Structures are given as structure tokens and as C-alpha cells.
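I set aside this session for a careful look at one model, and these are my notes on what I looked up and in what order.

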Amino acid sequence: MNINETIAKELNVRLDYVNNVVSMLDEGNTIPFIARYRKELHGSMDDTKLRELFDRLSYLRSLEERKQVIRNSIEEQGKLTEELAASIDAAETLAALEDLYRPYKQKRRTRATIAKEKGLEPLAIKLLFQGKQAPEELAAEYVDSEKGVETIEDALAGASDIIAESISDDAENRSVLRDYVNGHAVVTACAAKEEDSVYRTYYEFRQSLSKMQGHQTLAVNRGEKEGFLKVSVELDHEKSKEMLKKRIIVRTSPSEHILAAASDDAYDRLIWPSLEREVRSNLTDSACDGAIRNFAINLKPLLMQPPVKGAVTMGLDPGYAHGCKVAVIDGTGKVLDTAVVFPTFSAAKKQDAIRTLAALIQKHKVVHIAIGNGTASRETEAMTAEMLHLLKGGQSYAIVNEAGASVYSASKLAAEEFPEYDVNLRSAVSIARRLQDPLAELVKIDPMAIGVGQYQHDMPQAKLEETLSGVVEDCVNAVGVDINTASPSLLLRVSGLTKTTAKNIVAYREENGAFKNRREILKVPKLGPKAYEQCAGFLRVPESKLVLDNTAVHPESYEAAEKMLTLCGYSMDDVKERRLSGINDRLDKLGRAKIAEACGIGVPTLTDIANELIKPGRDPREELPPVVLRQDVLDISDLKPGMVLQGTVRNVIDFGAFVDIGVHQDGLVHISQICSRFIKHPSEVLAVGDIVKVAVLDVDEKKHRISLSIKQAK
């Protein structure tokens with residue numbers, strides 16, 4: 001079975017679809033382009049499925065490359081048999097492959113290699129053969145003081161070292177024991193010091209290896225690293241040793257006691273330490289994969305939060321010592337005004353802050369206020385609610401996740417964008433823009449700094465960055481980008497564009513004015529036909545006279561779109577005036593397959609074109625639940641068990657979800673309180689940004705803990 005066949009079987013996808021995707025990837029096509037504009041070639045797989053296919057393709061190709069390296073190495077040693085070659089070809093994982101290679105891998109100088117240098121390998125083979133001759137008789141002929149073998153005991157000890165290494169290197173032995181470990185081992189943790197810590201839950205921890213949850217693995221790993229926990233893997237070692245001995249010892253052999261001792265030595269000194277490291281490593285890899293996957297699941301809805309566009313917005317970056325930083329921006333994100341107020345210093349300063357902010361609101365006709373959720377957020381929110389009560393002008397506020405704002409404000413990009421403002425004021429601008437257009441602002445920040453996962457600093461950083469960058473890329477391309485207003489950071493995430501071409505687009509725009517149509521994109525330096533093919537459908541040109549240039553319809557399908565309109569009795573004027581609400585009914589009546597064939601495209605592309613023309617320039621985020629805008633504030637002391645409130649999901653983790661209900665502290669909905677049916681993970685029913693009703697179960701003001709339930713709020 002070749003790589004493509006393996007992927008097709010694993011992902012339950014038709015082989016021809018896999019072949020097509022692999023070919024397109026090898027030709028340099030991006031996943032967003034393939035997902036959107038080549039649906040007929042892959043059966044309408046979404047970007048998530050395509051990335052899964054790509055990851056598996058990369059792994060299997062790496063596995064194949066490693067197989068070839070190992071084959072060549074063993075062949076150079078003159079030890080590659082047909083049976084071994086077949087086993088290498090059949091290996092499905094890198095671990096299984098390395099087990100096969102272990103006996104042939106060049107090792108550092110071990111006890112076994114020293115024994116081999118003394119000429120004791122033939123003795124080891126004879127003992128393993130388990131003939132009728134006594135071990136001492138066999139060993140006698142290998143005593144040689146010149147080689148450092150002074151006695152029969154020396155000869156048997158050296159041979160035993162060779163046998164132990166041989167037992168350890170046997171791939172089948174390791175496979176059998178690995179299966180036993182995976183099914184029967186127990187992970188334990190205990191306190192490493194008499195000191196309370198956040199790891200107290202794990203001071204008397206026992207969990208079977210097969211039932212270890214990812215968050216448990218990451219927690220004990222960190223606790224061990226910080227010196228609070230001692231972690232080990234427990235197993236019935238006597239049973240493991242007996243299993244191993246049964247594989248290699250004939251009980252009636254005179255060499256039985258030698259082989260038994262060598263087998264135990266192989267297990268204690270070589271096999272178990274290696275398997276224990278492997279178990280811990282596999283647990284960590286699996287936990288990291290799960291955490292990265294969860295991070296990606298959380299990041300996507302955060303990026304796809306509905307924008308609150310077109311209104312003058314005030315951004316408040318709360319703080320104590322340095323005050324609350326204020327920025328007012330217009331509907332396009334342009335900075336109109338800035339200030340710093342000190343509402344937490346004293347009652348008088350708080351009233352000064354209210355007067356200053358109220359004046360800015362009235363001067364610039366502010367409609368919405370975005371408040372960062374970091375330090376001093378609670379006090380800033382209370383001040384804002386008090387101010388809005390006095391103004392009675394209909395303004396509203398929202399709490400905005402400010403994770404990464406400080407990273408952005410201190411970055412080179414922020415310095416280039418706002419050279420006239422200090423670091424603190426830049427973060428206030430970023431917070432305001434996050435309410436107006438979360439996606440456009442968050443793409444400027446390293447996804448790892450956004451903070452919608454768990455243990456992100458413990459993850460393999462390269463893999464985490466690659467995964468999250470893929471999520472950002474998919475979101476940007478799903479929404480589309482206005483080429484005449486987009487920043488280089490946003491353009492960089494568009495399919496087919498690079499850092500150079502993104503900057504060149506902005507430079508071309510500044511020199512020549514706004515792009516007038518999509519074809520003009522080809523005039524951008526270093527942006528050739530292939531890059532144009534990949535990016536054109538995701539770039540919008542609202543200023544173009546051709547309405548299709550402001551849609552997700554790819555230029556390669558313009559002719560098909562016009563023909564479809566004609567066959568259905570519509571025109572481009574109908575598209576401009578948004579008079580296509582009945583086009584899907586007409587397509588069904590005429591027959592989609594028939595119309596698609598007449599237009600020279602597939603049915604999926606036909607359907608995409610029709611849906612796009614119904615609402616040209618539409619933003620898919622506008623179809624999601626709107627941001628919760630508030631005018632008043634709750635305090636944790638106001639919460640009582642049984643209260644039902646509306647909240648916004650801020651983070652989804654393995655054991656539940658954190659929900660913002662309008663107090664400073666997010667409440668936890670444990671996985672058992674999410675819904676009545678059984679779920680393996682909260683992400684099955686919840687996503688970051690979801691608006692949910694929750695019932696208050698318990699409030700601990702001293703520990704700032706709020707327990708919530710979704711299932712009891714229904």
C-alpha cells in the first residue's frame with residue numbers, strides 16, 4: 001500500500017481525491033486555494049481536513065525517507081535480508097522502524113561491545129542456542145588473559161552482556177513489552193517537597209496509562225519540572241520479566257540460569273528505562289498534540305468573532321501605576337484622540353477620569369467602548385458603567401480579550417504603524433480595533449500570545465506556530481481582504497502572498513492609488529501568475545466597476561458566473577442591486593448539474609458562485625451571534641446560586657469552559673455541567689465566542705471562583 005492509499009484509508013477519503021490533493025500540493029497550491037476553488041477535485045473537503053491530510057502526508061513521507069536511510073545503512077553492513085527488508089517496508093511508525101534498526105545502529109561503547117572486542121560473541125551465540133553442553137564447559141575455551149578474559153566467570157559475564165543487549169535490541173521483544181506497558185502501566189505522582197502549591201491535586205495521584213488525560217500529563221510534567229512533584233510509571237515488573245523469559249528460554253537448557261539472569265539484566269538495565277522514557281515521551285507528545293488541537297479550535301472562533309464595524313470606538317487599556325490608557329478611533333480604525341486617566345488613584349481622580357472620558361465621548365461621538373480584560377479591568381468597567389449611567393447617551397461597552405496587546409504594542413510593527421505614540425497608548429488603540437475588527441487586528445500578533453489554550457509555553461513551539469498560523473491563514477481567506485485598506489500583516493496571511501509581495505502591494509497602492517480592479521494586481525512587482533491564481537479570489541476590490549471583483553468568485557470563473565446568470569434569467573445589474581434571492585430555487589428547477597455542465601464548472605463551484613452573488617462582498621462573520629454589549633456592571637458579590645445570566649465563552653479547555661458573565665472573574669463550566677449527554681471534550685458543543693445562558697452554581701469570593709452550569713440554565 002503506497003502513501004496515498006494509506007491516507008485514503010485512514011481518512012476514509014476516496015483515493016482519487018487524495019491523489020488530486022497531493023498533486024496540487026506538490027504543484028505549490030495552498031490549502032485555502034484548494035479548499036475553496038478546487039472542490040470538484042477533492043470532494044469538498046474543508047481546510048481542516050486538508051491540513052490533516054497534509055500533516056499525514058508529511059509524516060508518511062518522512063517515514064519513507066527514514067526507511068530508505070535505514071535500508072542503505074544495513075545494506076552497507078552486509079546484513080540486509082529479504083525478511084528484514086520486508087519488515088522495514090511494513091513498519092507503520094517511526095518507533096517500530098527504530099526498533100528494527102536498533103541492532104544495526106552504531107552504538108557508543110557499551111558493555112556488550114567491550115565483550116565482543118574480547119572475542120566473546122561466539123560464546124554468547126552458543127549459550128543462546130541452548131544446546132546440551134554446560135555453560136562452564138563452553139566458556140572454558142574462551143578464557144584468554146591476553147584479551148582480558150581471566151576466568152570462566154569473566155567469559156560468562158561478558159557473554160551475558162552481549163545476550164542482554166541482543167534481547168534488548170530484538171524488535172519483537174520490545175513490541176510485546178510495549179503492548180503490555182500500554183495496557184497495564186500506571187502513572188503516579190507525589191509531592192517532592194512539603195510545600196503547598198498549585199499542584200496539590202497531584203500530590204497523591206494515580207492514573208492508568210491508558211486513561212491519562214492530556215491536561216493531567218501536562219500538569220504533572222510542569223510540576224515535576226518546577227520541583228513540586230515526583231513522577232514515575234509503575235508496572236508489575238516481575239510479570240514483565242517472566243513474559244520476556246518465556247520468549248527466549250527453554251526451561252530444560254543447561255544455560256537456563258545464565259539466560260534468565262541476562263534477561264533480567266536486559267529488562268532492568270536496558271529495556272525498562274528505555275520504555276519508561278518512551279512512555280513519558282509518548283504521553284507528552286499526545287498531550288501536546290491535543291493541546292495544540294484545542295488551541296487551534298479556540299483560536300478560530302476568536303478570530304472569526306463578529307466585527308462591530310463603522311462606529312467611533314474608544315479603547316481603554318486598564319492599569320494601576322501607569323493609569324488607564326485611552327484611544328479614540330473612527331469607523332475605519334484611524335486614531336482621533338488619546339489620553340491617560342487615573343481612575344484607581346482616588347475618588348477624586350476617578351471623577352476626573354469620568355469627566356475626561358465623557359468629554360472625549362461627546363467630542364468624537366463615541367458609540368462603543370472596548371475595555372481590556374487585564375489588570376484593573378474590574379475597576380475600569382465599574383467606572384465606565386457609572387459614566388454611561390450619567391451620560392444616558394445610549395453608548396455601550398464590551399470587555400475585550402487583551403491577550404497579546406502588550407506584545408503587539410512593543411513590536412517593531414506597532415512602532416512602524418504608530419511612531420508618534422508610546423507603547424501604552426498603542427495597546428489602547430489595539431484594544432479598540434479588536435472590537436471593530438478582531439481578525440484584522442489579531443493577525444498582527446503572534447498567535448501563541450493570544451492565550452486561548454492551556455500550557456502553550458510547554459508545547460513544541462515550531463509545531464504550535466505552524467498549526468496556529470494555518471488557522472489564521474484559513475480565517476483570513478474565509479473572510480477575504482480588502483486590498484485597498486489591508487495592512488501588510490493581513491495581506492501576508494492571504495493565500496499565495498509572501499512578506500515581500502504583501503509589502504509590495506502596499507507600496508504599489510501608496511504610489512499609484514487604490515487598485516481599480518483585480519487584474520491590476522498583476523502589476524505588483526514579484527507577484528506572478530501563480531501567486532495571482534492563489535490570491536486573487538481572496539482579495540476584494542470594492543472600488544472596481546466589475547461587481548465580481550468584490551466577491552469570492554475567482555477570476556477564472558467570471559465567464560462561468562456570467563453564463564450562469566444568463567441561463568437563470570439574471571444580469572450583473574441584478575447582482576449589484578441584490579436581486580438574486582431566488583437564484584438557488586431557479587437553479588434547482590433548471591437542474592444544477594445541467595447548468596454547471598453548460599458553464600463548464602462543477603456543481604460545488606456553481607453553488608459557491610450563486611451563494612456569493614446573492615450577497616456580494618458579504619462577511620461570513622456577520623452571520624454569527626453578535627458581541628455582547630453592556631451598559632451596566634455586575635460584581636462577584638452580586639452573584640447568587642440559581643441566577644441565570646448570559647455570557648460569552650472565553651476559553652475551552654479539556655475539563656470545561658470559562659465564561660465571561662460580566663464580572664471581573666470568568667466562571668468555570670465543568671465538562672459535566674455543559675450538557676445532559678456524555679461528551680468527550682467540551683469543544684464538541686462549545687467554541688470561543690459562543691453566547692450562552694448559564695446558571696450560577698457556587699461562588700467563592702475569597703478564592704475568586706465561580707462555578708456555572710449550562711445544562712441547568714435551560
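The entries below go through a sheet, a glycine, the internal spaces and a pair of hairpin strands in turn.

**Entry 1: the model and its five-stranded sheet**

I note at the outset that this is a predicted model. I began with the open sheet, whose five strands I found in the order E6-E5-E4-E7-E8, with mixed pairing. Its edges are E6 and E8 (396-400), each of which pairs on one side only, and the twist from one strand to the next averages 20°. Looking at one pair more closely, I found that E4 (residues 313-317) and E7 (residues 368-372) are parallel and share four bridges, with Thr313 standing opposite His368 in E7.

I then looked up which helices pack here. Helix H16 (residues 347-364) lies across E4, E5, E6 and E7, and runs at about 175° to E6. Helix H20 (residues 423-436) also packs on the sheet, where it touches E4, E5, E6, E7 and E8, and its direction makes about 50° with that of E5.

**Entry 2: Gly333**

Is Gly333 buried or exposed? I located Gly333 in the loop between strand E5 (324-329) and strand E6 (335-341). Its relative accessible area is 3%, and because buried means under 20%, I record Gly333 as buried. Leaving out residues up to four places away in sequence, I found that Gly333 touches Arg433 and Gln436. I also looked up its separation from Leu490: the two are 157 residues apart in sequence, and their C-alpha atoms are 14 Å apart in space.

**Entry 3: the largest pocket**

How much space lies in the largest pocket? I have about 1,400 Å³ for it. The lining comprises 32 residues, of which Asp55, Asp289, Arg293, Lys463 and Thr467 are the closest to the centre. By class, I have 14 charged, eleven nonpolar and seven polar residues in this lining.

Which helices each supply at least two residues of that lining? I listed H1 (3-11), H5 (47-76), H7 (94-101), H15 (256-303) and H22 (461-479). The largest share, ten residues, comes from H15.

**Entry 4: the cavity**

I next looked for enclosed space, and the structure holds one cavity of 30 Å³ or more, with a volume of about 30 Å³. Val187, Met212, Thr217, Val220, Asn221, Arg280 and Leu283 line this cavity; by class, four of the lining residues are nonpolar, two are polar and one is charged. Helix H13 (214-225) and H15 each supply at least two residues of the cavity lining, and the largest share, three residues, comes from H13. I note that H15 thus appears in the linings of both the largest pocket and the largest cavity.

**Entry 5: strands E11, E12 and E13**

I ended with E12 (residues 656-660), which is mostly covered, as four of its five residues are buried. A hairpin of two residues joins E11 to E12; E11 (residues 644-653) runs antiparallel to E12, and five bridges join them. E12 is also joined to E13 (residues 667-670) by four bridges, again in the antiparallel sense.

Which residue of E13 is the bridge partner of Gly656? I found that it is His670, while Ile653 stands opposite Gly656 in the pairing of E11 with E12.

Notes: Residues numbered from 1 in each chain as written. Predicted model: local features only at pLDDT ≥ 70, side-chain atom pairs only at ≥ 80, totals over all residues. Heavy atoms only, no water. Buried < 20%, exposed > 50% of the residue type's maximum accessible area, 1.4 Å probe, protein only. Pairing = 2+ DSSP bridges. 1 Å grid on protein atoms, 1.4 Å probe; cavity = no way out; pocket = protein on both sides within 12 Å on 5 of 7 lines; lining within 4 Å. Points joined across faces, edges and corners; volume = space filled by probe spheres on them. Nonpolar A, V, L, I, M, F, W, Y, C, P; charged D, E, K, R; others polar. Contact = heavy atoms within 4.5 Å. Axes fitted to C-alpha atoms, helices over the stretch in contact; angles between N-to-C directions.
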